[in-house]
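Here is a short report on one protein model. It takes up the core, the cysteines, the charged pairs and the confidence of the prediction.

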Amino acid sequence: MMAQARLGPGRIHHCMRCIGMAERALELMCARAMSRSTFGSPIGSHGVVQAWIAESRLAIEQARLLVLKAAWLIDNVGAKGARTEIAAIKVAAPGRILRGGPRHPDSRRGRVSGDTPLAEAWAQLRTLHLADGPDEVHLRAIAREELRPYAPSTR
């Protein structure tokens with residue numbers, strides 16, 4: 001529990017950085033989608049790119065709200081009372097944003113080239129995602145808290 005109390009605020013900080021990077025990547029994606037054309041119309045008018053933009057916004061907002069809740073709980077009930085939410089943000093922010101976050105129209109090239117801000121953001125997100133341990137550990141902690149009220153009482 002002591003480690004959780006110490007790590008909680010740090011995890012919130014890392015998750016906030018992830019959200020900021022995802023916002024920047026979404027900005028880049030939207031600008032690129034409207035400045036590039038295929039078949040006579042901007043890439044942003046194509047349904048698949050619009051779906052990418054919408055999914056990206058959803059992933060960012062979901063992570064943002066969960067981080068806000070975790071921070072509020074730490075302030076009001078302490079890190080011990082927020083342990084489930086702290087575990088959740090570790091999975092939701094870097095993990096979900098990496099999987100469902102901003103997909104630049106040139107995403108394959110943008111993620112592997114060291115010449116773009118997108119590649120740097122993805123490398124930092126991947127590092128943050130790995131830094132606090134595997135998602136499975138945090139998902140297990142969340143599931144244990146959810147199952148606790150349903151466990152048979154030991155008398």
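Which residues of the largest nonpolar core touch the most other members? They are Ile12, Ile19, Val67, Ile89 and Ile97, in a core of 25 residues. At least two residues of this core come from each of helix H1 (2-35), helix H2 (47-81), helix H3 (83-100) and helix H5 (117-131). H1 supplies the largest share, with 9 residues. In soluble globular proteins, nonpolar side chains tend to be buried together.

Ile19 gives a local view of the packing. Leaving aside residues up to four places away in sequence, Ile19 touches Ile60, Ala63, Arg64, Val67 and Ile97. Val67 and Ile97 are also among the core residues that touch the most other members.

**Overall layout**

The model is predicted. The protein has 6 helices and 2 strands. Read from the N terminus, the order is α-β-β-α-α-α-α-α. There are 155 residues, and 38% of them count as buried. The accessible surface is about 9300 Å². Carbon and sulfur atoms account for 59% of that surface. Take the contacts between residues at least 6 apart in sequence: 74% of them join residues at least 24 apart.

One pair illustrates such separation in sequence. Thr127 and Pro94 are 33 residues apart along the chain, while their C-alpha atoms are 9.0 Å apart in space. Thr127 belongs to helix H5. Its relative accessible area is 52%, so Thr127 counts as exposed.

**Cysteines**

How many disulfides does the structure hold? The count is 0. For Cys18, the nearest cysteine sulfur is that of Cys15, 5.6 Å away. The cut-off for a disulfide is 2.5 Å between the sulfur atoms, so Cys18 is in no disulfide. Cys18 is buried, at 0% relative accessibility. Cys30 is partly exposed, with a relative accessible area of 29%.

**Salt bridges**

The model contains 8 salt bridges. Three of them are listed here with their closest N to O distances.

| Salt bridge | N to O distance |
|---|---|
| Glu23 and Arg57 | 2.7 Å |
| Lys69 and Glu85 | 3.5 Å |
| Arg148 and Glu145 | 2.5 Å |

The pair of Glu23 and Arg57 links distant parts of the chain. Glu23 sits in helix H1 and Arg57 in helix H2, 34 residues apart. Is Glu23 buried or exposed? Glu23 counts as buried, because its relative accessibility is 19% and the cut-off for buried is under 20%. Its partner Arg57 is partly exposed, with a relative accessible area of 31%. Both residues belong to a network of salt bridges that also takes in Glu61 and Arg64. Arg64 also appears among the residues that Ile19 touches.

Which parts does the pair of Lys69 and Glu85 tie together? Lys69 lies in helix H2 and Glu85 in helix H3, so the salt bridge joins parts that are 16 residues apart in sequence. Lys69 is partly exposed at 43% relative accessibility. Glu85 is buried at 15%.

In the pair of Arg148 and Glu145, Glu145 is partly exposed, with a relative accessible area of 22%.

**The loop between the strands**

Phe39 lies in the loop between strand E1 (37-38) and E2. The phi angle of Phe39 is near 55 degrees, a positive value in a residue other than glycine. Phe39 is exposed, with a relative accessible area of 84%.

**Confidence**

How far does the prediction trust itself? The mean pLDDT of the protein is 80, and 80% of the residues score at least 70. Which element has the lowest mean pLDDT? Helix H4 (residues 107-112) does, with a mean of 47. Strand E2 (residues 41-42) has the highest, at 94. Across residues 107-111 the pLDDT is below 50. This stretch has 8 contacts in the model beyond near neighbours in sequence. Where pLDDT is low, the predicted coordinates should not be read in detail.

Notes:
Residues numbered from 1 in each chain as written. Heavy atoms only, no water. Helix = DSSP H or I, 4+ residues; strand = E, 2+ residues; numbered from the N terminus. Buried < 20%, exposed > 50% of the residue type's maximum accessible area, 1.4 Å probe, protein only. Contact = heavy atoms within 4.5 Å. Areas by Shrake-Rupley, 256 points an atom, 1.4 Å probe, with all protein chains shown as cover. Core = buried A, V, L, I, M, F, W, Y, C linked by side-chain atoms within 4.5 Å. Salt bridge = Lys/Arg side-chain N within 4 Å of Asp/Glu carboxyl O. pLDDT = per-residue confidence, 0-100.
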